[in-house]
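Subject: Structure handover

Hello,

Please find the structure below. My notes on what was found in it follow.

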Amino acid sequence: MTTKYPEIPKKTFADYGQMLHGFWPNKPTFTEKDYPEFEGKVIIVTGGNTGVGYETVKSLAGSTKAKIYIFSRNEEKTLKAIKDIELEVAKEYKLKPNPIGFIQTDLSDLTTIKPAVEKFLNKESRLDLIIHNAGVMTPPTGSKSKQGYELQLGTNVLGPFLLQRLLDPIFIKTAKTNPPGVSRIVWVASTAHQVAPKGGIFWEDKNFENIPISSTIRMQIYGQSKAADILLAKAWTRHHPNVKDDVISTSVCPGYLKTELSRHSSWFESFILNRVTWPRRFGAYTELYAAFSPDVKDGDYSISFGVPAHTREDLNSVESGDKLWNWCEKETDPYV
Ligand SMILES: NC(=O)c1ccc[n+]([C@@H]2O[C@H](COP(=O)([O-])OP(=O)(O)OC[C@H]3O[C@@H](n4cnc5c(N)ncnc54)[C@H](OP(=O)(O)O)[C@@H]3O)[C@@H](O)[C@H]2O)c1
């Protein structure tokens, strides 16, 4: 039997242009001065304890009056991050932010997500903005989520899908009270979606268990999970037609940034990455452009550091999006 490898669609010149854009990004122009006050509103940022998520939380805490919750897995690391954010906000923005909440959840273990949402629902009666920022890239070959999915598929796709699914009722209820376009879901994807299998997912072997794993395939597996985030962003409103004019579901590549994302990269990869990446703070500007800019519409994709962009053409397929959506629903049914 011959090994079946994923088919990676040919890229257009525009696709290549966009991949290069990450090295020479636009200066952020939509920044703190442009964000809404968001007084009385509630925001969730997953993975807000480090990297881009940390900067996103800091920027929100320094420039809005919203109540912010970090959903993350490591209590000690997150409580320290919250203390640091509060100190940095006091120094940089000259104010004392609202207390930042912490809700523990491990996105790679579907059983931890419902208890986290229940904890959140005990504290809050509205939810205006969710930034699905947490993610993992190229972990050691064979790494699995608690339920046995390839780790990036589990953490970057199924975990956020279930979290969003469980938050949908409070989010939709809130969206109906907000002016159109205020309630948003930001799915943090990546330019790495360009190396994803055709249609996003390698359905023949989505856990990549039956082919030899080279460094190219490792990036394709990460790319698969990030293409899936884009498909979910485009699919969410289609699957919630009752609020399709109220909610914006959108995806971003935050930029090429110096964060802990390369923690599983080789010494050589990290050496190169360190030379071509930007301070993590800039990534927050991309995420918050998607969260707040009036120029962003439902289904849009944005890149560094807050400009409109396009995704690979095959990811506009409704059929591909719905196939993934239905699979995610089926897999997460037992955890709802
Ligand atoms: N950095 C870049 O150049 C770049 C480029 C394109 C896209 N992105 C995307 O940007 C997002 C943020 O990444 P980053 O660069 O800021 O990386 P990072 O510094 O490694 O931060 C990733 C965050 O995700 C959290 N996380 C990982 N696995 C988790 C799990 N199982 N459950 C809950 N939280 C988990 C991490 O928590 P711990 O601290 O506990 O590990 C951390 O808070 C990711 O979605 C990434 O794919 C980044």
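**The ligand shell**

By class, the residues around the ligand split into 11 nonpolar, 14 polar and four charged. Here Ala, Val, Leu, Ile, Met, Phe, Trp, Tyr, Cys and Pro count as nonpolar, Asp, Glu, Lys and Arg as charged, and the others, Gly among them, as polar. The model is a predicted one: local features need pLDDT of at least 70 and side-chain atom pairs count only at pLDDT 80 or more, while totals for chains, interfaces and linings use all residues. Residue numbers start from 1 along each chain as its sequence is written.

The shell holds 29 residues, and the closest to the ligand are G47, G51, A134, G135 and T259. A residue counts as near the ligand if its C-beta atom, placed from the backbone, lies within 6 Å of it. Helix α2 (residues 51-63) contributes the most to this shell, with three residues.

**The chain as a whole**

The protein chain has nine helices and 10 strands. Both are DSSP runs numbered from the N terminus: helices are H or I with at least four residues, strands are E with at least two. The C-alpha atoms of the chain fill a box of roughly 65 × 45 × 40 Å along the principal axes. The radius of gyration is 19 Å, which agrees with the value near 20 Å for a compact globule of 336 residues. That radius is taken over C-alpha atoms, and the globule rule is 2.2 Å times the number of residues to the power 0.38.

**Helix pairs**

α2, the helix noted at the ligand, also packs against another helix: the axes of α2 and α8 (residues 281-292) come within 8 Å and cross at roughly 65°. α2 is therefore roughly perpendicular to α8. Axes are lines fitted to C-alpha atoms, for helices over the stretch in contact, and angles run from 0 to 180 degrees between N-to-C directions. Angles under 35 degrees count as roughly parallel, over 145 as roughly antiparallel, 65 to 115 as roughly perpendicular and the rest as oblique.

The crossing of α2 and α8 is right-handed; that is, the near helix is turned clockwise from the far one by less than a right angle, and anticlockwise would be left-handed. In this contact V52, E55, T56 and S59 of α2 meet R281, G283, A284, E287 and L288 of α8. These residues comprise three nonpolar, three polar and three charged. Two residues are in contact if their C-beta atoms, placed from the backbone, lie within 7 Å.

Helix α5 (residues 151-175) and helix α9 (residues 318-332) have axes that come within 10 Å and cross at roughly 80°. α5 is therefore roughly perpendicular to α9. V157, L158, F161, L162 and R165 of α5 and C328, E331 and T332 of α9 make the contact. By class they are five nonpolar, one polar and two charged.

α5 also meets α6 (residues 215-236), with axes that come within 8 Å and cross at roughly 15°. These two helices are therefore roughly parallel, and their crossing is right-handed.

**Backbone points**

Most residues other than glycine have a negative phi, and most peptide bonds are trans. F38 has a positive phi of about 55° and is not a glycine; F38 is in the loop between α1 (13-21) and β1 (42-46). A cis peptide bond joins S304 and F305, with omega about -15°. F305 is in the loop between β9 (301-303) and β10 (307-309).

Regards
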